[in-house]
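Reader: Hi! I have a structure open and could use some help reading it. Can we go through a few spots together?

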Amino acid sequence: MGIGSRSGVGYFLCLAIVLLSFSVFGANGPTIALSVDASEAPRKMFHAQLRIPAKPGMLTLYYPKWIPGEHGPTGPITDLTGLKFTASGKTLKWRRDLLDGFTFHVEVPPGENEVVASLDYASPASFEPGYSAGMSATDKLYIVSWNTLLLYPAGYGSDQLTYSASLRLPAGWKFGTSLHVANQVGGDIHFAPVSLTMLVDGPVLAGEYLKVVPLTLPTENPPAELDVAADSTAALDAPEEVWEHYRNLVKQAGILFGARHYTDYHFLLTLSDHVAHFGLEHHESNDSRVDERSLIEEDGRKTTAGLLPHEYVHSWNGKYRRPADLATPDYEQPMQTDLLWVYEGLTSYLGDMLSARSGERTPSLARDALAQMAADLDHRSGRVWRNLQDTADGVPTMQDAPKAWEDYRRGLDYYDEDVLNWLWADVIIRQQSKGAKSLDDFCKLFHGAPSGPPMVNTYTFDDIVNVLNQVSPYDWRGFWTERLSNHGPGAPLGGVEGSGWKLVYDETPSELDRAENSDGKSLNAHYSLGLFANSDGLIRDTAEGMVAAKAGIGPGMKIVAVNGRRFSPEAWHDAIHAAKTSPSPIELMVENADYFRVVKLDYHDGEKYPHLMRDESKPDLLTEIYRAK
Ligand SMILES: [Zn+2]
């Protein structure tokens with residue numbers, strides 16, 4: 001499947017890239033045979049061999065560096081091992097590029113027309129930062145991210161290179177993928193040749209325990225299915241309503257967008273406590289990974305509910321419609337992330353909307369999630385120095401930042417804060433049009449017809465403004481400029497309040513708060529004292545300017561006692577409660593790099609948990625937004 005460009009400003013940008021690639025590289029690149037041996041998956045060691053057409057002289061090869069959807073140079077180059085090149089059986093000399101560690105130069109002798117590259121991927125054996133570069137194999141399953149297992153020749157865009165891939169799995173393992181299978185002999189699977197773009201876009205989920213759940217009727221086109229692999233058969237035994245909600249999700253997304261940009265969609269869901277947890281979008285699939293018991297335990301279902309809707313929305317918003325400066329021709333050219341407030345922010349808003357419309361989240365649970373986001377951002381101390389646009393611009397260099405000081409540094413706020421902003425935009429459209437239009441109309445115009453196989457249709461800031469104006473004329477340029485550049489104070493709550501709800505706090509955790517902290521492993525006093533701690537008292541972060549920070553507490557310190565008693569979550573909650581009716585400060589004994597001291601917190605307002613409360617003076621737009629169509 002080819003990936004082209006279609007209309008708007010992005011057309012000219014991509015056309016320029018295509019013309020450049022034609023003149024420099026020629027219309028068609030070579031076909032490369034790739035065979036991957038994953039039969040040692042439980043050891044986390046993988047072997048690959050590539051047959052690459054070549055000419056005598058210097059052959060330059062790249063290991064994929066900028067990984068689509070990960071928004072950074074996250075290719076796991078440190079895990080590329082066992083590299084060897086041969087031609088006609090003779091070993092070739094190679095050297096890594098001195099300026100780019102992902103680039104290799106191989107000397108091809110006279111008379112040779114093919115280089116055989118062998119490599120091993122020594123995949124992570126412990127939890128380290130990273131998405132698809134993180135832990136991906138257990139005793140019972142493995143997620144194949146093809147970019148980790150291949151090289152590609154310089155001089156071609158990824159659309160121009162064809163890969164004929166095969167995969168060997170451990171005996172008896174099953175698999176799910178959006179790639180088409182040409183033939184299968186025993187554990188050896190041969191996939192139909194595809195462009196490098198679509199190979200990297202087509203991960204394979206393989207495992208001993210794999211369940212396939214059709215999400216569309218046999219008569220429906222295009223089909224969608226859920227492929228779930230787990231570390232146990234028990235983890236696959238979810239109640240029927242779980243599968244029903246995902247069937248609803250596929251249906252509701254079709255109604256929202258009015259078109260589909262895939263030929264066959266696969267939700268690839270991994271249930272394991274021993275792989276990295278995240279979701280990564282593709283045109284025709286998503287690689288989503290959560291705790292092993294996420295589907296069979298109610299709290300797990302509540303806390304992971306938004307993930308698959310988010311990744312599915314990306315098939316429209318992110319893969320089909322993509323920021324022009326994020327749509328790079330290969331994996332070597334850097335991506336620019338300034339429009340992630342649309343790519344990720346709008347996806348989060350629509351994903352949350354569809355999680356409610358599909359029934360995966362009850363309206364109450366959806367409001368809990370919105371209240372949490374609003375409350376977190378309303379207390380974000382880093383807002384004073386860093387605007388929302390910079391949280392998107394800085395992603396390639398900032399996304400691996402540690403948790404300590406996150407509140408002041410700001411994390412990936414273009415996800416959650418843009419849920420609030422897109423809600424605000426939705427509310428404005430509904431108000432301006434007196435209820436005749438909504439953001440659903442924007443989705444149909446921007447992401448909709450015609451349906452077809454995967455392709456990329458790029459856009460710029462101006463396109464967003466123009467399409468919003470087509471839906472409902474308004475100062476959208478001014479709106480988004482202000483939303484992206486302001487420094488608060490406080491979160492943008494215009495959408496929450498305009499939708500007929502108010503952000504309030506009380507001493508009772510919400511249903512979502514309770515589900516998230518059912519293991520009692522963390523202590524969130526963000527909205528009261530400006531402090532986040534683990535259940536053992538270790539302080540993960542503090543919010544600058546709030547009570548804890550002002551009293552001298554910072555991340556890395558440890559609370560060892562509360563009001564003279566050894567620290568425990570219970571002692572902590574009791575002390576905050578008691579301080580409500582006492583003039584005395586809360587006394588903490590804090591350990592800091594081998595020293596102990598007493599810190600006094602003059603705080604008497606009790607615990608604070610966020611909720612949304614109905615504002616009867618306004619129409620309830622939020623409930624309408626969450627209602628199934
Ligand atoms: Zn996303």
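Reader: Is Glu344 buried or exposed?
Author: In this predicted model, Glu344 is buried, because its relative accessibility is 2% and the cut-off for buried is under 20%.

Reader: Cool. Which protein donors does the zinc ion have?
Author: Glu344 is one of them, through OE. His310 and His314 each use NE2. These donors lie 2.0 to 2.1 Å from the zinc ion.

Reader: And how are the donor residues spaced in sequence?
Author: The pattern is H-x3-H-x29-E. His310 and Glu344 link distant parts of the chain, 34 residues apart. His310 sits in helix H5, residues 307-313, while Glu344 is in the loop between helix H6 (340-343) and helix H7 (345-357).

Reader: Is His310 buried or exposed?
Author: His310 is buried, with a relative accessible area of 10%.

Reader: New topic: where is Ala593, and what is its phi?
Author: Ala593 is in the loop between strand E30 (586-592) and strand E31 (595-601). Its phi is positive, about 50°, although Ala593 is not a glycine. Ala593 is also exposed, with a relative accessible area of 63%.

Reader: What about Lys44?
Author: Lys44 is not a glycine either, and has a positive phi of about 70°. You'll find Lys44 in the loop between strand E1 (31-37) and strand E2 (45-53).

Reader: Last one! What is the peptide bond from Ala449 to Pro450 like?
Author: That bond is cis, with omega near 0°. Pro450 lies in the loop between helix H13 (439-447) and strand E23 (457-459). The bond from Gly488 to Pro489 is cis too, and Pro489 is in the loop between helix H15 (476-485) and helix H16 (494-498).

Notes:
Residues are numbered from 1 along each chain as its sequence is written. This is a predicted model: local features need pLDDT of at least 70, side-chain atom pairs count only at pLDDT 80 or more; totals for chains, interfaces and linings use all residues. Side-chain values use heavy atoms; hydrogens and water are left out. Helices (H or I, at least four residues) and strands (E, at least two) are DSSP runs, numbered from the N terminus. Buried means under 20% relative accessible area, exposed over 50%, partly exposed in between (1.4 Å probe, protein chains only). Donors are N, O and S atoms within 2.8 Å of the metal (3.2 Å for Na, K and Ca); water is not among the atoms, so sites may look incomplete.
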